[in-house]
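The points below are meant for a colleague who is opening this structure without prior acquaintance. Please keep the sequence and the 3D view at hand while going through them.

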Amino acid sequence: MPFRLDGYRVVVAGGSRGIGRSMALAFARAGAAVSVCARGEAALADVAQAIRAQGVVTHAQRCDLAEGSAIDEYIAAAARALGGIDVLVNNATGYGFADDDDGWAANFQVDLMAAVRASRVALPHLKRSDRGSILHTSSIAALRPRASGAPYAAIKAALTHYTHSQALALAPERIRVNAIAPGSIAFPDGLWERRKQDEPALYAATLAKIPFGRFGTPDEVAHAALFLASPWAGWITGQTLVVDGGQMLNG
């Protein structure tokens with residue numbers, strides 16, 4: 001493990017599977033105390049067990065991140081369990097791709113407002129930390145116009161802009177704020193594994209645009225999160241780090 005984060009207290013909002021799970025486990029392997037939340041109880045229990053196996057303080061709580069009161073309760077409980085918060089990771093997504101009210105609402109509530117609300121509740125704890133950091137999971141979809149999935153892309157773009165504004169606002173508090181924009185990431189039962197079965201033409205066309213010739217892995221995004229939360233990134237704030245294997249180079 002290239003980064004040691006012993007003594008860090010990390011909250012991963014949306015951490016039971018895929019990128020969030022890999023982030024939570026990467027922080028735990030680096031020595032950090034970790035709290036995770038998610039809606040699915042079985043997956044949440046599984047990742048909590050995996051985190052605990054790293055020998056670190058572990059907290060897990062069911063939370064629907066579309067509900068403001070649930071976020072308030074979760075962040076408060078996580079801070080109590082960990083003894084404070086040094087790093088907040090906002091990783092959840094509503095996966096709203098349909099251009100209808102439900103698609104827009106799912107992304108607005110989960111991708112954007114959950115990050116806003118969790119940041120607001122965690123802020124007093126982050127102010128008491130001498131290594132406060134917020135990480136948002138955005139997407140390369142936020143950085144280019146697209147004909148399909150407009151709600152997802154637009155709300156991720158809003159999250160990216162919020163990252164920059166939040167970084168400027170919190171700089172006097174010495175709290176760093178950054179975002180990670182993953183490209184197409186594949187993992188068991190994830191979006192791209194489902195598309196491989198249900199939309200093979202889209203899967204093949206997307207794969208063909210990735211110069212590295214493969215989809216990314218959740219661990220590769222988690223490694224970027226470790227860096228951005230670590231002292232090695234102590235002079236980095238207000239940035240969006242693209243992790244896509246060159247996918248955006250081909251449009």
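1. Helices and strands here are DSSP runs numbered from the N terminus, a helix having at least four residues and a strand at least two. With that convention, D99 can be placed in the loop between β4 (87-90) and α4. Please bear in mind throughout that this is a predicted model.

2. On the charged surface, D99 deserves a look together with its companions, since D99, D100, D101 and D102 form a negative surface patch. D99 itself has a relative accessibility of 61% and therefore counts as exposed, the cut-off for that class being over 50%.

3. Helix α1, which covers residues 18-29, can be checked for its length: its 12 residues, at 1.5 Å a residue, should span 16 Å, and because the end C-alpha atoms lie 17 Å apart, expectation and model agree. The expected figure rests on 1.5 Å times one less than the number of residues.

4. How many of the 12 residues of α1 are buried? The count is 10, so that the helix is mostly covered. Among the buried residues are G18, I19 and G20 in one part of the helix, and M23, L25 and F27 as well. Just after α1, G31 takes a positive phi of about 100°.

5. A second positive phi, of about 60°, belongs to R174, although R174 is not a glycine. Most residues other than glycine have a negative phi. R174 is found in the loop between α5 and β6, and with a relative accessibility of 65% it counts as exposed.

6. The structure holds 8 salt bridges, and three of the pairs are taken up here and in the next two points. Side chains of opposite charge can pair when their charged atoms come close. In one pair, the side chains of D6 and R4 meet at 2.8 Å, N to O. D6 is partly exposed because its relative accessibility is 47%, and R4, with a relative accessible area of 47%, is partly exposed too.

7. Where in the chain do the partners E173 and K127 lie? Their side chains meet in a salt bridge at 4.0 Å, N to O. E173 sits in the loop between α5 (150-170) and β6 (176-182), whereas K127 belongs to helix α4, so the pair ties together parts that are 46 residues apart in sequence. E173 has a relative accessible area of 36% and is partly exposed, and K127, at 42%, is partly exposed as well.

8. E220 forms a salt bridge with R214, and the closest N and O atoms of this pair are 2.6 Å apart. E220 counts as partly exposed at 31% relative accessibility, and R214 is partly exposed with a relative accessible area of 39%. Elsewhere, R9, D86 and R131 are joined into one network by salt bridges that share partners.

9. Finally, D130 lies in the loop between α4 (101-127) and β5 (133-137). Is D130 buried or exposed? Its relative accessibility is 73%, and D130 therefore counts as exposed. D130 and I175 are 45 residues apart in sequence, while their C-alpha atoms are 8.4 Å apart in space.

Technical notes:
Residues are numbered from 1 along each chain as its sequence is written. This is a predicted model: local features need pLDDT of at least 70, side-chain atom pairs count only at pLDDT 80 or more; totals for chains, interfaces and linings use all residues. Side-chain values use heavy atoms; hydrogens and water are left out. Buried means under 20% relative accessible area, exposed over 50%, partly exposed in between (1.4 Å probe, protein chains only). Patches are made of residues with over 30% relative accessible area and no salt bridge: like charges are joined within 9 Å, nonpolar side chains (Val, Leu, Ile, Met, Phe, Trp, Tyr) within 5 Å. Accessible areas come from the Shrake-Rupley method with a 1.4 Å probe; for residues, only the protein chains shown count as cover. Lys and Arg count as positive and Asp and Glu as negative; His and the chain ends are not counted. The place of a charge is taken as NZ of Lys, CZ of Arg, CG of Asp or CD of Glu.
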